[in-house]
Amino acid sequence: MKHVISVLMENAPGALSRVVGLFSARGYNIETLTVAPTEDSTLSRLTLVTIGSDDVIEQITKHLNRLVDVIKVVDLTEGPHIERELMLIKVRAVGKEREEMKRMADIFRGRIIDVTDKAYTIELTGNQEKVQAFIDALDRSAILETVRTGVSGIGRGERILKI
């Protein structure tokens, strides 16, 4: 099962390396990883997606909580939450393809953010399934380049990750 785990940790050199090292040392895979400073510049929020049984995720959470740099760990998938991913995708757009690519971007509520005579760059945000569905809907030969941020997530309502 897919789990979205948010980690509040010190914004210090080596902190991210220790978290990633914990996963690789135990043979756990990280599907996506995003990290950035919070409103408090001494803290960073790391959001990662991993796949595993509830027992495996419990082990991961316990190991993360033991790391010195980690302040708090929350498995967002245990409750209501919001996930978003950003994708920038450059697609071939020549002749009849131009109108088709514009239509596809509109259907998925994407925005064309760069236009050249041969290509469009489209910005798309949504959950992983939406982003993947957009890629799947395109002809593979039309895709020139893809950049994805990975999942960012936040609990809904009063559920917060804070000291």
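In what sense, and over how many bridges, do β2 and strand β3 pair? In this predicted model, β2 and β3 (residues 43-51) are antiparallel partners, joined over six bridges.

## The four-stranded sheet

β2 and β3 belong to an open sheet of four strands, arranged in the order β2-β3-β1-β4 with antiparallel pairing. The edges are taken by β2 (32-37) and β4 (70-75); each has a single partner strand, so one side of each has no neighbour in the sheet. On average, neighbouring strands of the sheet are turned by 15° against each other, direction ignored. Within the pairing of β2 with β3, P37 stands opposite S44 of β3.

## A nonpolar surface patch

L16, V20, L33 and V35 make a nonpolar patch of about 250 Å² on the surface. Two elements, α1 (15-25) and β2, each give two or more residues to this patch. One of the patch residues, V20, lies in helix α1. V20 has a relative accessible area of 31% and is partly exposed, because the partly exposed range runs between 20% and 50%.

## The buried face of α4

Helix α4 (residues 128-137) has Q128, V131, F134 and I135 as its buried residues. Viewed down the axis of α4, these buried residues fall within an arc of 130°, so they line one face of the helix. An α-helix has 3.6 residues a turn, so residues three or four places apart point the same way.

## Salt bridges

The structure holds 12 salt bridges. In one of them, the side chains of K2 and E83 meet at 3.1 Å, N to O. K2 is in strand β1 (residues 2-10) and E83 is in strand β5 (residues 81-92), so the pair, 81 residues apart, links distant parts of the chain. K2 is partly exposed, with a relative accessible area of 24%, whereas E83 counts as buried at 13%.

A second bridge joins the side chains of D69 and R18 at 2.5 Å, N to O. This pair also links distant parts of the chain: D69 sits in the loop between α2 (54-66) and β4, R18 sits in helix α1, and 51 residues separate them. D69 is buried, with a relative accessible area of 8%, while R18 counts as partly exposed at 40%. Another salt bridge is formed by D136 and R140, whose closest N and O atoms are 3.6 Å apart. R140 counts as exposed, at 55% relative accessibility. Elsewhere, salt bridges with shared partners join K2, E83 and E129 into one network.

Key:
Residues are numbered from 1 along each chain as its sequence is written. This is a predicted model: local features need pLDDT of at least 70, side-chain atom pairs count only at pLDDT 80 or more; totals for chains, interfaces and linings use all residues. Side-chain values use heavy atoms; hydrogens and water are left out. Two strands pair if DSSP finds at least two bridges between them. Axes are lines fitted to C-alpha atoms, for helices over the stretch in contact, and angles run from 0 to 180 degrees between N-to-C directions. Patches are made of residues with over 30% relative accessible area and no salt bridge: like charges are joined within 9 Å, nonpolar side chains (Val, Leu, Ile, Met, Phe, Trp, Tyr) within 5 Å. Accessible areas come from the Shrake-Rupley method with a 1.4 Å probe; for residues, only the protein chains shown count as cover. A salt bridge is a side-chain nitrogen of Lys or Arg within 4 Å of a carboxyl oxygen of Asp or Glu. Buried means under 20% relative accessible area, exposed over 50%, partly exposed in between (1.4 Å probe, protein chains only). The arc is that of the directions from the helix axis to the C-beta atoms.
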